[in-house]
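Reader: Got a model open here and want to go through it before setting anything up. Can you take some questions on it?

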Amino acid sequence: GAEARPQARGGFRAVTNQSLAQSYLIKAEKRLKALAVLKAEGAHSDVVREAQELVELALKGALRAIGVEPPKFHDVGGLLLEHRGKIPPDVRGELERAAAISKRLRKERELAFYGDIDFIPTEEYTAEDAGRAYADAEWVVSLAQRAIGKQA
């Protein structure tokens, strides 16, 4: 059946940017655990693809935490840089790296998932590629934890 959406009236809790930010962060944290399983299974291309989605969720959560509605596109690193003044100062200096990770993984997104006529993802991506994607995703989650936690 259809579930009621939370609303400000009728006894339902209002959904705030902060609660959505926390939700995105929780989803990113759970996906990081799944990423570790994929990495252990040697599913290198899947690690790269899922790392992109995790990074996207974490960074969109950070945007929501500062009151910025995330756009529907995948790479929001530039938007974070544009709004850096609203980000907690101790996190601000690391936004360039987060934006670079987001941009790099965005470029890999479709290729890692679908491949191409001359690119078979399960054969092309290496353990090194997966390791880098995992490490970057883990770092972005820790950054988002600090950025979103500071807003509460």
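**Confidence first**

Author: Among the elements of the chain, helix α4 (residues 89-92) has the lowest mean pLDDT, at 90, and α7 has the highest, at 96. Bear in mind that this is a predicted model.

Reader: What is the mean pLDDT of the chain?

Author: The mean is 88, and 88% of the residues reach 70 or more.

Reader: Where does pLDDT stay under 50?

Author: Over residues 1-12, for which the model has 9 contacts beyond four places in sequence. Where pLDDT is low, the predicted coordinates should not be read in detail.

Reader: Fine. How many helices and strands?

Author: There are 7 helices and 0 strands. Along the sequence the pattern reads α-α-α-α-α-α-α.

Reader: And what share of the residues is buried?

Author: Of the 152 residues in the chain, 41% are buried. The chain exposes about 8600 Å², and carbon and sulfur atoms supply 51% of that area.

Reader: What about contacts between residues at least 6 apart in sequence? How many of those join residues at least 24 apart?

Author: 65% of them do.

Reader: Switching to charges. How many salt bridges?

Author: The count comes to 12 salt bridges. Side chains of opposite charge can pair when their charged atoms come close.

Reader: Give me one with Glu53. What does its side chain meet?

Author: Arg109, in a salt bridge with an N to O distance of 3.7 Å. The pair links distant parts of the chain: Glu53 sits in helix α2 (residues 44-65) and Arg109 in helix α5 (residues 95-114), 56 residues apart.

Reader: Are those two buried or exposed?

Author: Glu53 and Arg109 are both buried. They also belong to a network of salt bridges that links Arg31, Arg49, Glu50, Glu53, Arg106, Arg109 and Glu110.

Reader: What does Asp136 pair with?

Author: The side chain of Asp136 meets that of Arg104 in a salt bridge, 2.1 Å from N to O. Asp136 lies in helix α7 (residues 127-149) and Arg104 in helix α5, so the pair ties together parts 32 residues apart in sequence.

Reader: Why is Asp136 called buried?

Author: Because its relative accessible area is 9%, and buried means under 20%.

Reader: Now Glu56 and Lys60. How far apart are they in sequence?

Author: They are 4 residues apart, about one turn of the helix, and both lie in helix α2. Their side chains meet in a salt bridge at 2.9 Å, N to O.

Reader: Buried or exposed, those two?

Author: Glu56 is buried, with a relative accessible area of 12%. Lys60 is buried as well, at 11%.

Reader: Back to α5. How does its reach compare with the span expected?

Author: α5 has 20 residues and reaches 29 Å from its first C-alpha to its last, close to the 28 Å expected at 1.5 Å a residue. There is also a kink of about 40 degrees in α5, centred on Glu108.

Reader: Which residues of α5 are buried, and what covers them?

Author: The buried residues are Leu95, Ala98, Ala99, Ile101, Ser102, Leu105, Arg109 and Ala112. What covers them includes α2, α3 (77-82), α4, α6 (121-124) and α7.

Reader: What follows α5?

Author: Gly115 does, and its phi is positive, near 75 degrees.

Reader: Ala112 was in that buried list. What touches it from α2?

Author: Ser45 does: it touches Ala112, Pro121, Thr122 and Tyr125, not counting residues up to four places away in sequence. Ser45 is found in helix α2, and at 5% relative accessibility it counts as buried.

Reader: Last one, Ala28. Where is it found?

Author: Ala28 is in helix α1 (residues 17-40). At 0% relative accessibility, Ala28 counts as buried.

Reader: And what does it touch?

Author: Leaving out residues up to four places away in sequence, Ala28 touches Leu54, Leu57, Ala58 and Val141. Ala28 and Val140 are 112 residues apart in sequence and 9.5 Å apart in space, C-alpha to C-alpha.

Technical notes
Residues are numbered from 1 along each chain as its sequence is written. This is a predicted model: local features need pLDDT of at least 70, side-chain atom pairs count only at pLDDT 80 or more; totals for chains, interfaces and linings use all residues. Side-chain values use heavy atoms; hydrogens and water are left out. A salt bridge is a side-chain nitrogen of Lys or Arg within 4 Å of a carboxyl oxygen of Asp or Glu. Helices (H or I, at least four residues) and strands (E, at least two) are DSSP runs, numbered from the N terminus. Buried means under 20% relative accessible area, exposed over 50%, partly exposed in between (1.4 Å probe, protein chains only). pLDDT is the predictor's confidence in each residue, from 0 to 100. Contact means heavy atoms within 4.5 Å. Accessible areas come from the Shrake-Rupley method with a 1.4 Å probe; for residues, only the protein chains shown count as cover. The expected span of a helix is 1.5 Å times one less than its number of residues. The bend at a residue is the angle between axes fitted to the seven residues ending there and the seven starting there.
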